[in-house]
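Here is my notebook from an afternoon of looking things up, one entry at a time. Keep the structure open beside you and follow along.

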Amino acid sequence: MIPHMAETPDIRIPAELLPKDGRFGAGPSKVRSEQVAALAADAPHFLGTSHRQKTVKSVVGDVRSGLAELFSLPDGYEVLLGNGGTTCFWDAATFGLIEKKSQHLSFGEFSSKFATAASQAPFLDDPEIIKTDPGTHPAAIANSEIDLYALTHNETSTGVSMKITRPDASGLVAVDATSAAGGLYVDANEFDCYYFAPQKSFASDGGLWLALCSPAAIERIESLAASDRWVPAFFDLKIALDNSRLDQTYNTPALATIHLLRSQIKWMNDNGGLDFSTGRCDRSAEILYTWAEKSGFARPFVEREDQRSHVIATIDFVDAIDASQIAAVLRAHGIVDTEPYRKLGRNQLRIAMFPAIDPDDIALLCGAITHVVGALS
Ligand SMILES: *Cc1c(COP(=O)(O)O)cnc(C)c1O
């Protein structure tokens, strides 16, 4: 690999090759201008008002019912939410969803974190951790001792996605869907808890967690809340459940985040639901991976086509081309956040293809990268 050069190469990308919107980051990710305009229009009577009153509670209610519609949630499933993002939810789930022993599929930075949280909890047995190399994913293994299977729908650090299916076992299935939810297809019958934060496929801002919970997950939350396990209130899923049912959060949420989120859910539902939103990601992925395979200088990092994410593409470059220079030239043209996940340490670009990102912009980005590579070599 060529060592990173401090200076951005002096390369001009012609204006006609530039995407209309330059945000391709894995999160926070592109927010559509229509969402921002809708927030600005509502701002005078929405921002700066109490989250315990009808104005805000009705937006939270729209988020909850909109997600139930988008994911065709079966009867009895409920939408929970709270502050702190996905990272907070891992701790909440460690306290309030794992009864004794969990199994974790660990195949990248994010999927390893919930495993670590469960390993460190003094009131749980050591979890079973099934690990594979970055760029692949392991499969869950049914085990009668396991009461919660922790899956990750899309490993954002590596661009690997996995199909969500229940193992042939009785434990709860909890899925980190932070970057996947809304962008990748899922059948709600295959999970008990599908949790995410809204700064990725939902084109909002961070700091909130949402969890789609089955009746079995709700039952687990209630039974652990009734047990003698001590739980800090901030991580208490029973408190989150009780507040969510009232279209509230335990403490003050970011109102702008909730408003932007509602707009994105409505945009998805109004245009055809999950088929529409995942269809955009499928189209972007088709364009980007086909371009990489035909390029002669780049290729998808993930070998198996069925594990290649349609929301996050990781593209390796030949040694002769320094991907960090490409990212720097793109950045100089307002095309931002294509740098790879730092700890993966590869000569790579990582490109988000969330529903808000226009497939036509992905096509333009491919052309812009080809231009930069031509000028670099
Ligand atoms: C971004 C991400 C997280 C972390 O989300 P926060 O809201 O920043 O805590 C967790 N898991 C996955 C798969 C992610 O992509």
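**Entry 1: the largest cavity**

Which element gives the most to the lining of the largest cavity? I looked it up, and the answer is H6, with four residues. Before going on, I noted that I am working with a predicted model.

I then searched the whole structure and found four cavities of 30 Å³ or more. The largest has a volume of about 100 Å³. Its lining is made by 16 residues, and the closest to the centre are Gly82, Trp209, Phe234, Ala240 and Tyr250. Strand S1 (78-83) and helix H6 (237-245) are the elements that give two or more residues to this lining. I sorted the lining by class and got ten nonpolar, five polar and one charged residues.

**Entry 2: the second largest cavity**

Next I went to the second largest cavity, which holds about 60 Å³ of space. Among the residues that line it are Phe95, Ile221, Leu224, Asp236 and Leu237. Helix H3 (85-96), helix H5 (215-225) and H6 each supply at least two residues here. Which element gives the most to this lining? I found that it is H5, with three residues. By class, I wrote down seven nonpolar, one polar and two charged residues for the lining of the second largest cavity.

**Entry 3: helix H6 itself**

H6 had turned up in both linings, and I wanted to see the helix for its own sake. I checked which of its residues are buried, and noted Leu237, Ala240, Leu241, Asn243 and Ser244. What covers these buried residues includes helix H2 (54-70), S1, H3, strand S9 (208-213) and H5.

What caps the N-terminal end of H6? I found Asp236 there, with a side-chain oxygen 2.9 Å from the backbone nitrogen of Lys238. I had already met Asp236 and Lys238 in the lining of the second largest cavity. After the helix comes Asp247, and I noted that its phi is positive, near 60°.

**Entry 4: Ser179, a buried loop residue**

I moved on to Ser179, in the loop between strand S7 (172-176) and strand S8 (193-196). Is Ser179 buried or exposed? Its relative accessibility is 0%, so it counts as buried, the cut-off being under 20%.

Then I looked for its partners. The side chain of Ser179 makes a polar contact with the side chain of Thr156, at 2.7 Å. Leaving aside neighbours within four places in sequence, I listed Asn154, Thr156, Lys200, Ser201, Val311 and Phe354 as the residues in contact with Ser179.

**Entry 5: Thr152, a buried strand residue**

Thr152 sits in strand S4 (residues 148-152). I read off a relative accessible area of 4%, so Thr152 is buried. With neighbours within four places in sequence left aside, its contacts are Phe107, Ser111, Met162, Val175 and Asp176.

**Entry 6: backbone oddities**

I kept a rule of thumb in mind: most residues other than glycine have a negative phi, and most peptide bonds are trans. Here is what I found when I looked for departures from it.

- Gly27 and Pro28 are joined by a cis peptide bond, with omega about -5°. Pro28 is in the segment before helix H1 (33-46).
- Ser72 is not a glycine, yet it has a positive phi of about 45°. I located Ser72 in the loop between H2 and S1. Its relative accessibility is 58%, so Ser72 counts as exposed.
- Asp337, also a residue other than glycine, has a positive phi near 65°. I located Asp337 in the loop between helix H9 (323-332) and strand S12 (348-352). At 33% relative accessibility, Asp337 counts as partly exposed.

**Entry 7: what the record says**

Last, I checked the annotation. An unreviewed UniProt entry gives "domain: Aminotransferase class V" for residues 48-335. How much of that span is helix, and how much is strand? I noted 38% helix and 17% strand, with the end C-alpha atoms 33 Å apart.

Definitions and conventions
Residues numbered from 1 in each chain as written. Predicted model: local features only at pLDDT ≥ 70, side-chain atom pairs only at ≥ 80, totals over all residues. Heavy atoms only, no water. 1 Å grid on protein atoms, 1.4 Å probe; cavity = no way out; pocket = protein on both sides within 12 Å on 5 of 7 lines; lining within 4 Å. Points joined across faces, edges and corners; volume = space filled by probe spheres on them. Nonpolar A, V, L, I, M, F, W, Y, C, P; charged D, E, K, R; others polar. UniProt positions renumbered as here; feature names shortened; annotations may be inferred. Buried < 20%, exposed > 50% of the residue type's maximum accessible area, 1.4 Å probe, protein only. Contact = heavy atoms within 4.5 Å. Polar contact = N/O pair within 3.5 Å; in protein donor to acceptor, adjacent residues only side chain to side chain.
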